[in-house]
Amino acid sequence: MARTILITGAASGICKATAELCRAAGDTVISVDIRDADIIADLSTGEGRATMLREAERLAPNGLDAVLAGAGLSRADMPRETVAVNYFGAVATLEGLRPLLLKSARPRAVVICSTAAILPGNDLLVETCLAGDEAAALAIAGDAPRSVYPDSKRAISKWLRRTAGSREWAGSGILLNGVGPGVVETAMTAPMLKQPEMVEMIKKSNPMAVEGYAQPEEIAELLVFLLGFTNHYMVGQLIFIDGGTDIIMRPEQV
Ligand code: NAD
């Protein structure tokens, strides 16, 4: 059955590949991005998030069958935007579109997290995000930018696990899950993968049991499964697709 799926971050990389797979399967995709999308919206701002919600309601008046919150960035020079998009933009996407998901008979939602979520970082930033205080979180990110990407991804991963089983989500029939990619060759990682010293740093921070990096299409296959009706039993899981980084770094974690 053809579905209507909204995908943020769909202009590039993992989400673009996912949108292409969904369209090839006959689904209607509403793409959201800061550029090259059906809905142009800057998800680092309240105004952009409001535009996304307004346009989604206009384009999908009968509701959404699935939402993929995938827009994200990893920019050392943009710590505030990194937290604003990766955590607050993702939460605003999922919470804001929940009423449209409720119109579907079998709604699904997925957020893209990261293996970076397991790295040590700034717990204060993570807790401030989870408390929903965006102004304070962005101030912390601006003052201490060192680990904002892993922190933003740890925060959204914790949000996922705290939220997915609630009355508003699984209790209302919406299955929410997360995917945590390791290193994927996209526009986000291309500048890093060109620098030998960054490649060495990634080797240390992301030890892997397999060779090489993932392609966006591989992550997209998993996302399509989680966005689809085949899954009716998996809820609130963060699935790492990371060449083994999680098991190497946390072998005792179950
Ligand atoms: P990408 O740069 O190819 O795609 C990210 C998309 O997000 C882009 O189209 C970009 O325009 C959009 N975006 C960025 N800021 C935005 C904003 N303010 N408003 C709206 N859209 C915005 O990167 P990707 O690797 O495909 O990343 C997709 C997701 O996967 C991100 O959440 C990223 O953190 C996550 N991820 C990527 C990797 C990796 O190795 N590439 C690893 C783990 C997690």
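Helices (H or I, at least four residues) and strands (E, at least two) are DSSP runs, numbered from the N terminus. This is a predicted model: local features need pLDDT of at least 70, side-chain atom pairs count only at pLDDT 80 or more, and totals for chains, interfaces and linings use all residues. Residues are numbered from 1 along each chain as its sequence is written, and side-chain values use heavy atoms, with hydrogens and water left out.

**View 1. The shell around the ligand.** The ligand has 29 residues around it, each with a heavy atom within 4 Å. Ser-12, Asp-33, Tyr-149, Val-184 and Thr-186 come nearest. By type, the shell divides into 15 nonpolar, ten polar and four charged residues. Here Ala, Val, Leu, Ile, Met, Phe, Trp, Tyr, Cys and Pro count as nonpolar, Asp, Glu, Lys and Arg as charged, and the others, Gly among them, as polar.

**View 2. Glycine backbones at ligand oxygen atoms.** A backbone N or O atom of Gly-13 lies 3.4 Å from a ligand oxygen. For Gly-72, a polar backbone atom is 3.5 Å from an oxygen atom of the ligand. For Gly-182, the distance from a polar backbone atom to a ligand oxygen is 3.3 Å. The protein covers 93% of the 820 Å² of accessible area that the ligand has on its own (Shrake-Rupley method, 1.4 Å probe). Helix H1 (13-24) and helix H6 (148-163) are the elements that give two or more residues to the shell.

**View 3. Helix H1 and its cover.** H1 has twelve residues. From first C-alpha to last it reaches 17 Å, close to the 16 Å expected at 1.5 Å a residue; the expected span is 1.5 Å times one less than the number of residues. Its buried residues (under 20% relative accessible area, 1.4 Å probe, protein chains only) are Gly-13, Ile-14, Cys-15, Ala-17, Thr-18, Ala-19 and Cys-22. Their cover includes strands E1 (4-8), E2 (28-33), E4 (66-69), E5 (108-112) and E6 (175-181), and helix H9 (216-227). Just after H1, Gly-26 takes a positive phi of about 100 degrees.

**View 4. Helix H6 and Asp-151.** H6 is mostly covered, with 13 of its 16 residues buried. Asp-151 is found in this helix. Asp-151 is buried, at a relative accessible area of 0%. Its side chain makes a polar contact (here, N or O atoms within 3.5 Å, one able to donate a hydrogen and the other to accept it) with the side chain of Ser-147, at 2.7 Å. Leaving aside neighbours within four places in sequence, Asp-151 is in contact (heavy atoms within 4.5 Å) with Gly-121, Asn-122, Leu-125 and Val-126.

Terms used: Buried < 20%, exposed > 50% of the residue type's maximum accessible area, 1.4 Å probe, protein only.
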